[in-house]
Amino acid sequence: MKTWLYQHLYAQRQSRRWFWGSPLRELVRLLVLGMLLAAFTGLSLLADDFTQPPGEVIWLEPTIVVFMKPEASEPEVRAVWDTLAARSEVRTFRYVSRDDALKELQSAPGLQGALSNLKDNPLPATFVIRARDTTPAGLTALKRFLEAQKQVDRVQLDESWAKRRETLLDSLWGAAKDVWAFLGTLLVVLLFDNTVSLWQREREEALVARSLGATPRQVRRPFLYHALAQGILGGTMAGALLWWSIHVLNDMMPIVNALFHLSWNIPIPGVRGVVGLMVISGLANVLVGRLALIYLQWQQEPE
Amino acid sequence: MIVLDAVDKVYGQDRKPALDQVSLTFPDGEMTCLSGPAGAGKTTLLRLLAGMETPSRGTVTFNGQDISRLSGTARKGLRQHVGWVSRPPFLVSYWNVEANVAYPLRLSGVPESIITQRVRTAMQRTGLDTLRTRRAGTLTISERQRLALARAFVNRPGLLLADDPFFSLDDTESARLMEALQLFSLAGITVIFSASTAPFRVHPMREVRLQKGRVQQDAVT
């Protein structure tokens, strides 16, 4: 046990020596790793935020507006309310009574004079609905269901916008997935190359160790410790970069939000998120490093 | 004690024997020179003794244990007791002499306090104590050979094998190296080395002369 511990301590010392042996090269590699990881994780965070209901980009989402018949009584409107509340396809809905609709219209600039001459309120009560399934097919099905309801005058849905939106989102998703896959591949290649370069730099030590009867595991150990340390430090750098860039983006958000009537904020990864990133990055680096060592293993093994 | 009993070793498709019916016994603490021309089977014999190769026929026993029947782990354990000096010796050229000598101990997980002591002894025995801080890459061939010997000795092996350590050394350097080898032998280590011609010696020494994979002569000269 003691011997094993000493062997591990020596391997750690060896990896630290390699690290400080060429600090500039290591720093550049860490920066590249950090940036790639930050881009990879940042894209995942954005995509997640884009599709999850609380942060969804609502201005892109099509809405269904249900206009009630003017003669619809309060219990009949209430029945529609209850139906909407019970339907799982309906994510949220907002009721605008006839009076509220008139007030909204009266508050619009230039219409006050024209509306003051009206004897009766000509506006119908409406329900503004956001559906859970925002595909054209899902929206059309919900529209048909709503049209069949009693005392519903008509249902408005911009189907062409729903289709355009669907196509736009599909294209965006496809592009994001491609970029994500590209970044992921680039990350694996970088991690692989890190170990291969380290091996080429320090192969003399590794080959001497092998000629002295060191087991393959012993020879691999400092390389894997190096990969672990590099992964953890790369993860830390990625966390710091993400934190900084999301802060910068969120600082610009009030302007965007004011322009588009939004309340959108990208969530900043907390301590748990950053620690998770460090751990995952460390383990991934060890795994890819191990694969690189299998690839390299004893290609030029001395006799 | 190491015993080779009717050992054959053949390589390749032409099945040409590198060793042919070799039977030898190496008692503990004895120093032996394997001599013979190039291709006589000296290196093959050393590799068999180091456990790096297994015989095609016959047995090699190390203190009663048949090496070819040992498991992978047991063979690794055996290699811990064997000091191996290759030609040219593999050294970490950018490390100093001391770090090179200490390397096998550090790999084996020996505590630093013991390493310092053992490294000092090994360097004294090989006359390297004045070169402690010199980089291995700047050493002469003779100094490199002595460094490899010190490194092999530091692990306290029961058997020290050296493949042509006198190659390209002049008489003075050879004498210095021979002195170091004899010191190891006096310390109870079985020393077996190869040389194309038997080197200069002060004390009588066993010489096994090989020719085309066969033992041609086995005598103390």
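Trainee: Among contacts in chain A between residues at least 6 apart in sequence, what share joins residues at least 24 apart?

Mentor: This is a predicted model, and the contacts in question are those of chain A whose partners lie at least 6 positions apart in sequence. Of these, the share that joins residues at least 24 apart is 80%.

Trainee: Is chain A more spread out than a compact globule, or does it agree with one, and what is its radius of gyration?

Mentor: Chain A holds nine helices and four strands. For its 303 residues the globule rule gives 19 Å, and the computed value is well over that, so chain A is more spread out than a compact globule. Its C-alpha atoms fill a box of roughly 100 × 35 × 35 Å along the principal axes. The radius of gyration of chain A is 30 Å.

Trainee: How far apart are the centres of domain 1 and domain 2 of chain A?

Mentor: The domain assignment places residues 2-56 together with 166-300 in domain 1, and residues 63-157 in domain 2. Taken over C-alpha atoms, the separation between the two centres is 51 Å.

Trainee: Which residues does Trp180(A) touch, leaving aside those up to four places away in sequence?

Mentor: Trp180(A) belongs to helix α7, which covers residues 159-211 of chain A. Its relative accessible area is 38%, which lies between the 20% limit for buried and the 50% limit for exposed, so Trp180(A) counts as partly exposed. With sequence neighbours up to four places away set aside, the residues that Trp180(A) touches are Phe40(A), Leu43(A) and Ser44(A).

Trainee: Which residues make the nonpolar surface patch that includes Met35(A), and what is its area?

Mentor: Met35(A) lies in helix α2, residues 23-51 of chain A, and it counts as partly exposed because its relative accessibility is 49%. The other residues of the patch are Leu24(A), Leu27(A), Val28(A), Leu31(A) and Val32(A). The area of this nonpolar patch is about 550 Å².

Trainee: What radius of gyration does chain B have, and what would a compact globule of 221 residues have?

Mentor: Chain B comprises six helices and ten strands, and its C-alpha trace spans about 50 × 40 × 35 Å along the principal axes. A compact globule with 221 residues would have a radius of gyration near 17 Å, and chain B agrees with this, its own value being 17 Å.

Trainee: What percentage of the residues of chain B count as buried?

Mentor: A residue is buried when its relative accessible area is under 20%. Applied to the 221 residues of chain B, this gives a buried share of 52%.

Terms used
Residues are numbered from 1 along each chain as its sequence is written. Chains are lettered from A and ligands numbered from 1 in the order in which they are written. This is a predicted model: local features need pLDDT of at least 70, side-chain atom pairs count only at pLDDT 80 or more; totals for chains, interfaces and linings use all residues. Side-chain values use heavy atoms; hydrogens and water are left out. Patches are made of residues with over 30% relative accessible area and no salt bridge: like charges are joined within 9 Å, nonpolar side chains (Val, Leu, Ile, Met, Phe, Trp, Tyr) within 5 Å. Accessible areas come from the Shrake-Rupley method with a 1.4 Å probe; for residues, only the protein chains shown count as cover. A salt bridge is a side-chain nitrogen of Lys or Arg within 4 Å of a carboxyl oxygen of Asp or Glu. Helices (H or I, at least four residues) and strands (E, at least two) are DSSP runs, numbered from the N terminus. Buried means under 20% relative accessible area, exposed over 50%, partly exposed in between (1.4 Å probe, protein chains only). The radius of gyration is taken over C-alpha atoms; the globule rule is 2.2 Å times the number of residues to the power 0.38. Domain bounds come from an automatic or database domain assignment. Contact means heavy atoms within 4.5 Å.
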